[in-house]
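Here is a short briefing for a first look. Keep the sequence and the 3D view open while reading.

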Amino acid sequence: LITKYREAVQNQELDTAVTKIINEAIVQDEDNEVVKIMLDKLEFGDNVKKMISDEFTYITDLLDFNISPYKIFENWYVDGRLYYHVIIDPKDPKAGIKEMRYLDPRKIRKVKETKAKRMAQGVVVKEVAKEYYIYSDRILNTKQVSGNSTNDGALKIAKDSIIHVTSGLTNPNGDMILSYLQKAL
């Protein structure tokens with residue numbers, strides 16, 4: 001679907017419509033930041049508010065959000081999802097996030113390994129044993145990643161190393177993320 005959305009936005013009318021939506025959503029001028037955090041109603045002391053504000057600024061700087069907000073928003077709007085790989089220094093994890101890398105959503109899949117657990121009265125329930133992401137330089141499809149099998153050269157990434165944001169739209173079954181461009185298809 002993501003490839004279809006990207007192909008669809010190549011249509012001039014659709015591209016113009018998406019550009020108008022982005023221009024309405026993102027207001028950027030030289031004097032102000034694109035996004036700010038408002039902590040006025042937060043019932044904590046000024047020290048906590050300052051720490052939250054500083055971290056928010058640090059993350060938006062890592063994302064280059066105040067430099068390229070249009071591209072980030074367009075990627076999210078067209079694809080219906082965003083993935084970022086959060087990089088920390090394994091030798092000094094307390095130092096925090098060092099880098100956030102954008103990942104093409106066609107090249108990453110979440111994997112949930114399940115195991116059967118026998119409950120009382122013989123009922124068998126599946127429970128999640130492991131969750132992680134698989135990333136490959138090649139475009140993945142759901143048939144290429146299932147259970148314990150992965151493609152050669154695929155990278156296994158810990159679940160907590162990926163930030164994943166979706167459009168919030170799904171198909172009627174609720175098992176597939178859709179883009180806001182779904183109706184245009």
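In which loop is Asp64 found? Asp64 sits in the loop between helix 3 (46-62) and helix 4. The model is predicted. Much of this briefing follows helix 4, which spans residues 69-79. Two loop residues and a charge over a ring complete the tour.

**Asp64, ahead of helix 4**
- Asp64 is not a glycine, although its phi is positive, at about 55°.
- Asp64 counts as partly exposed because its relative accessibility is 37%, between the cut-offs of 20% and 50%.

**How helix 4 is enclosed**
- Helix 4 has eleven residues, and eight of them are buried, so the helix is largely enclosed by the rest of the structure.
- The buried residues are Pro69, Ile72, Phe73, Asn75, Trp76, Tyr77, Val78 and Asp79.
- Their cover includes two helices, helix 1 (2-8) and helix 2 (12-25).
- It also includes strand 1, strand 2 (97-103) and strand 6.
- Gly80 comes just after helix 4 and takes a positive phi of about 85°.

**Asn75 within the helix**
- Asn75 lies in helix 4.
- Its relative accessibility is 16%, so Asn75 counts as buried; the cut-off is under 20%.
- Which residues does Asn75 contact, leaving aside its neighbours within four places in sequence? They are Gly80, Arg81, Leu82 and Tyr102.
- One of these contacts, Gly80, is the residue with the positive phi just after helix 4.

**Aromatic rings**
- The structure holds seven aromatic pairs.
- Phe73 and Trp76 form a tilted aromatic pair, with 5.4 Å centre to centre and 55° between the planes.
- Both residues lie in helix 4. They are three residues apart, about one turn of the helix.
- Is Phe73 buried or exposed? Phe73 counts as buried, because its relative accessibility is 19%.
- Trp76 has a relative accessible area of 18%, so Trp76 is buried too.
- Phe73 and Trp76 belong to one aromatic cluster with Tyr77 and Tyr180.

**The second largest pocket**
- The second largest pocket has a volume of about 190 Å³.
- Its lining is made up of 13 residues. Phe65, Ile72, Leu82, Tyr84 and Val165 lie nearest the pocket's centre.
- Three elements give two or more residues to this lining: helix 4, strand 1 (81-88) and strand 6 (162-166).
- Which element gives the largest share of the lining of the second largest pocket? That is helix 4, with four residues.
- What kinds of residue form the lining of the second largest pocket? There are 13 nonpolar residues, no polar and no charged.
- Ile72 is one of the residues nearest the pocket's centre, and Ile72 is also among the buried residues of helix 4.
- Leu82, another residue nearest the centre, is in contact with Asn75.

**Val123, between two strands**
- Val123 has its place in the loop between strand 3 (108-118) and strand 4 (124-135).
- With 44% relative accessibility, Val123 counts as partly exposed.
- Beyond its neighbours within four places in sequence, Val123 is in contact with Lys117 and Arg118.

**A charge over a ring**
- Lys156 lies over the face of Tyr132.
- The distance from the ring centre is 4.3 Å.

How values were computed
Residues numbered from 1 in each chain as written. Predicted model: local features only at pLDDT ≥ 70, side-chain atom pairs only at ≥ 80, totals over all residues. Heavy atoms only, no water. Buried < 20%, exposed > 50% of the residue type's maximum accessible area, 1.4 Å probe, protein only. Contact = heavy atoms within 4.5 Å. Phe/Tyr/Trp six-rings, centres within 6.5 Å; stacked < 30°, edge-to-face > 60°. Lys NZ or Arg CZ within 6 Å of the ring centre and 35° of its normal. 1 Å grid on protein atoms, 1.4 Å probe; cavity = no way out; pocket = protein on both sides within 12 Å on 5 of 7 lines; lining within 4 Å. Points joined across faces, edges and corners; volume = space filled by probe spheres on them. Nonpolar A, V, L, I, M, F, W, Y, C, P; charged D, E, K, R; others polar.
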